[in-house]
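Colleague: Thanks for making time to go through this model with me. Could you take my questions one by one?

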Amino acid sequence: MKTFNVSEVNDYINRLLSIDVILNNLQVVGEISNFKFHSSGHMYFTLKDKKSRIRCVMFNSYCQDLKFMPEDGMRVIIKGYISVYERDGQYQLYAQQMQPDGIGSLYLAFEQLKQKLELEGLFDDHIKKPIPFLPKTIGVITSATGAAVRDIISVITRRNPNVEIVIFHVLVQGTEASGQLAKAIEFFNKENNVDVIIIGRGGGSIEELWAFNEEKVARSIAASKIPIISAVGHETDFTIADFVADMRAATPSAAAELAIPPKLDLQYNIAMLKQRLIQLMKGIINNNNQKLKEIERYYNRTRLLNLLNQYKQQMDWINVNLIREMNKRAFIERERFQSGLKQLQSISPLAVLNRGFGMVKNQEDKLIVSIEEVEKGESIQILMKNGSIYCKVEGTEKGGYNFEG
């Protein structure tokens with residue numbers, strides 16, 4: 001008998017399992033327990049029933065196709081194959097596909113995401129942005145080839161042809177649809193070139209509408225600074241986008257009606273407001289006319305004359321006070337002038353002449369204040385208070401009176 005090591009035994013068992021037709025492609029139903037979602041993206045769990053259990057693994061490449069998040073206690077149907085994990089010597093079920101048992105995976109995914117976003121507050125009414133009353137430009141995110149875009153354009157053009165429509169073509173179903181929808185919302189918010197956004201498509205199955213149930217689309221709608229109206233499917237169709245959007249319309253045509261009021265209605269409302277304004281102005285004018293008549297009756301001719309007489313008396317009183325103040329000011333200024341004149345006369349050279357002094361000038365009419373300024377034989381002039389004396393210098397002598405003491 002040949003002796004095998006452990007690795008050889010596990011390898012042999014693994015090869016036996018791999019050639020078994022049933023174990024290589026089977027479906028197993030059971031309840032999930034010990035579920036772990038690894039950071040690598042792989043899922044590890046146990047599938048059990050009332051009597052037994054089997055270890056399971058679902059690698060990241062297969063997990064990406066799941067429309068829901070598995071959790072403990074969930075009953076599922078798994079398609080895959082049985083193999084041996086040779087390191088531990090344990091066989092396990094390698095899951096390739098998974099779906100809920102008794103409820104559709106898409107419906108379960110819808111409910112899971114709805115509950116998650118609702119707990120985060122993304123459906124709350126207080127964060128909903130108001131739809132502008134009369135937008136100038138409307139952005140439309142949908143397929144440019146579908147019936148929805150034609151309905152939207154037709155309704156908006158009929159209701160108000162002055163509104164500009166900007167179409168952003170996207171896929172509305174398929175694996176790439178959700179990414180394009182999210183990028184379209186981001187584009188309008190970056191460009192900020194529209195007042196409101198309509199996002200949607202015509203009706204269809206839950207699979208066809210699934211792009212509007214993706215989390216990335218829901219978060220893009222919630223993050224939009226521009227108000228968004230969702231218009232997905234028919235009246236009975238509901239998507240996650242409907243709950244997150246600022247307003248939900250039953251159909252694309254209904255979204256267009258919600259986005260823009262009819263021009264005729266606006267004209268009618270303007271006419272009604274104009275009429276109300278005219279009536280209001282007439283009422284104000286009539287009321288003021290009545291008040292004016294009452295004032296005229298009160299301020300009759302006699303009262304007006306009395307008021308005029310009072311103003312005259314006030315003017316007389318002001319005139320008397322003004323003259324009194326002017327006379328008082330003139331007296332003060334006259335006294336100040338006389339005082340200044342006396343001071344000026346006291347220092348005038350003429351005042352000195354009146355006291356017996358004289359001023360001496362040479363022939364050039366310059367005052368002589370020192371004996372050095374004259375020479376013997378020079379003619380000089382002595383100014384007195386009542387005339388002049390003309391002299392000739394006989395000589396000079398130093399000395400004299402010291403006036404400084």
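Modeller: Gladly, and here is a term to start with: two strands pair if DSSP finds at least two bridges between them. Please keep in mind that this is a predicted model.

Colleague: Then let's start with the hairpin of β1 and β2: which residue there takes a positive phi?

Modeller: Strands β1 (residues 26-37) and β2 (residues 43-48) clear that threshold of at least two bridges, pairing in the antiparallel sense over five bridges. Lys36, for instance, has Tyr44 of β2 as its bridge partner. Five residues lie between the strands of this hairpin, and the one with a positive phi, near 100°, is Gly41.

Colleague: Moving along, which residue of β3 stands opposite Phe45?

Modeller: A hairpin of four residues leads from β2 to β3. The two strands run antiparallel and are joined by six bridges, with β3 covering residues 53-58. Opposite Phe45 in β3 stands Cys56.

Colleague: Now the parallel sheet: which strands stand at its edges?

Modeller: This open sheet has five strands, paired in parallel, in the order β7-β6-β8-β9-β10. An edge strand has a single partner, so one of its sides is left without a neighbour in the sheet; here the edges are β7 (164-169) and β10 (247-248).

Colleague: And which residue of β10 stands opposite Ile229?

Modeller: β9 and β10 run parallel and are joined by two bridges. Facing Ile229 from β10 is Met247.

Colleague: Helices lie on this sheet too, so to speak; what angle does the direction of α5 make with that of β6?

Modeller: α4 lies across β6, β7 and β8, and runs at about 175° to β7. Helix α5 (residues 177-191) packs on the sheet as well, touching β6, β7, β8 and β9, and its angle with β6 is about 165°.

Colleague: What do the buried residues of α8 pack against?

Modeller: Helix α8 spans residues 252-259, and Pro252, Ala254, Ala255, Ala256 and Ala259 are buried in it. Those residues pack against two strands' worth of neighbours and more, namely β6 (137-142), α4 (147-159), β8 (196-201) and β9 (228-232).

Colleague: On to the three-stranded sheet: which residue of β13 is the bridge partner of Ile382?

Modeller: The strands form an open antiparallel sheet in the order β11-β12-β13, and neighbours are turned by 25° against each other on average, direction ignored. β12 (residues 379-384) is joined to β13 by six bridges. The partner of Ile382 in β13 is Ile389.

Colleague: Is Val360 of β11 buried, partly exposed or exposed?

Modeller: Val360 is found in strand β11. Beyond its neighbours within four places in sequence, Val360 contacts Lys366, Leu367, Ile368, Ile380, Gln381 and Ile382. Buried would call for under 20% relative accessible area and exposed for over 50%; Val360 has 26%, so it is partly exposed.

Colleague: Last, the largest pocket: which helix gives the most to its lining?

Modeller: The pocket has a volume of about 810 Å³ and is lined by 26 residues, with Leu66, Lys67, Phe68, Trp210 and Glu214 nearest its centre. By class, the lining has 10 nonpolar, eight polar and eight charged residues. α2 (60-63), α3 (105-120) and α6 (215-223) each supply at least two lining residues. With four residues, the helix that gives the most is α3.

How values were computed:
Residues numbered from 1 in each chain as written. Predicted model: local features only at pLDDT ≥ 70, side-chain atom pairs only at ≥ 80, totals over all residues. Heavy atoms only, no water. 1 Å grid on protein atoms, 1.4 Å probe; cavity = no way out; pocket = protein on both sides within 12 Å on 5 of 7 lines; lining within 4 Å. Points joined across faces, edges and corners; volume = space filled by probe spheres on them. Nonpolar A, V, L, I, M, F, W, Y, C, P; charged D, E, K, R; others polar. Axes fitted to C-alpha atoms, helices over the stretch in contact; angles between N-to-C directions. Buried < 20%, exposed > 50% of the residue type's maximum accessible area, 1.4 Å probe, protein only. Contact = heavy atoms within 4.5 Å.
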